[in-house]
Amino acid sequence: MAAFVASKAEEYEPSKAFDLGLTPEEPENIVTPGVPATVNEVPRSQFRTMRLGKEIDSGVITAYSLVLNNEPIPRFQKDVYILPPRALSKVIGHFKEDFIDHKTNKVHSIEPFESDEHLSMVNDYKLFTHNYIFAPVLYSNHWWMYVLDKDKKNFFVIDSRPKENPGPERTKINKFASNLINQLLVRAGFNSLLKKATKNRPEQKSWSAKYVKIHEQPNSFDCGTFVMKWMEMLDPTKLDGNEKYDIEDWTTEKLQEFRNQIISEIILSKSNKLIKEAIQGAMRITIHKPSAALQSPYTQVTTEELKKFN
């Protein structure tokens, strides 16, 4: 079924195959590569990146995070909230390695990016109420994910290219990302998890990142698939920076199965406005005067027979 849906997504005629319907339809415009026309839409071209050997477009990963966040199951309704995948990536990519404002000697503020469409997607209520925050990040063509445990103030890095000793660049990114998440929490009304400066102690600017030991991706293009499966199934209560996370070793073939599964979940999601429209359209199709042939249990109905009632 999943493979069938994935193949049908390739044949789909409209320019988009997923639409949350949260914004009014807008005229077609020029789209920045990797970003949907609106954050609620995924063009058909982006679904093509789910083919084997392709690096998955961020629009697909964004759509899947929206689908999961809207799932009516306790995990996503009470415990886990997934930040929009492009929210942190946009800010980190803008400053690259220069994360400190040299005029104030403080970490750059997220305020100048408040109007960005991806940051505007952040659900402040869930950010405030849910204990575990998943934060996917794309940087230098590689996806990984942060996990924040607010209660224990633990900050984990889940990376399919694990690093025993992350270099200076990655260490800076980890520190900046943790500070940005804390800024988002404060914006949502949550008390800062970073300690303020005192007479005897400087201001805490970040959390220490703990790398979770996990299986490495078997190829150069499936980091996005790893992140989407982590968003779906990773149990944050079992994370430990000192022990290996217990999960099977995924092969390229298994990861392609995941791609097919994920694309079907996105397209068939109750959140997808286009699916609702298709179902409503199908329900309007009725046959008012069935022929004797159509009524007979021994007759195989043909397309030509059905056309008589159009």
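## Largest pocket

In this predicted model, the largest pocket (an open set of points on a 1 Å grid over the protein atoms alone, where a 1.4 Å probe fits, with protein on both sides within 12 Å along at least five of seven lines) has a volume of about 470 Å³, volume being the space filled by probe spheres set on the points, which are joined across faces, edges and corners. Its lining, meaning residues with an atom within 4 Å of a point, comprises 21 residues, and Val107, Asn179, Asn182, Gln183 and Glu203 lie nearest the pocket centre. Strand E5 (106-107) and helix H7 (168-187) are the elements that give two or more residues to this lining, and H7 gives the most, with five; helices (H or I, at least four residues) and strands (E, at least two) are DSSP runs numbered from the N terminus.

By class, the lining holds four nonpolar, eight polar and nine charged residues, where Ala, Val, Leu, Ile, Met, Phe, Trp, Tyr, Cys and Pro count as nonpolar, Asp, Glu, Lys and Arg as charged, and the others, Gly among them, as polar.

## Helix H8 and burial

Nine of the 11 residues of H8 are buried, that is, under 20% relative accessible area, with exposed meaning over 50% and partly exposed in between (1.4 Å probe, protein chains only). Among these buried residues are Phe226, Lys229, Trp230 and Met231.

## Salt bridges

The whole structure contains seven salt bridges, each defined by a side-chain nitrogen of Lys or Arg within 4 Å of a carboxyl oxygen of Asp or Glu. Lys90 pairs with Asp116, with the closest N and O atoms 2.6 Å apart, and this pair links distant parts of the chain, from helix H5 (residues 85-95) to the loop between E5 and helix H6 (124-129), 26 residues apart. Lys90 is partly exposed at 36% relative accessibility, whereas Asp116 is buried at 11%.

Asp222 and Arg259 form another salt bridge, at 2.9 Å between the closest N and O atoms; Asp222 is buried at 1% relative accessibility, and Arg259 is buried with a relative accessible area of 1%. Within H8, Glu232 meets Lys229 at 2.8 Å, N to O, and these residues are separated by about one helical turn because they are three residues apart in the helix.

## Basis of the values

Residues are numbered from 1 along each chain as its sequence is written, and side-chain values use heavy atoms, with hydrogens and water left out. Local features need pLDDT of at least 70 and side-chain atom pairs count only at pLDDT 80 or more, while totals for chains, interfaces and linings use all residues.
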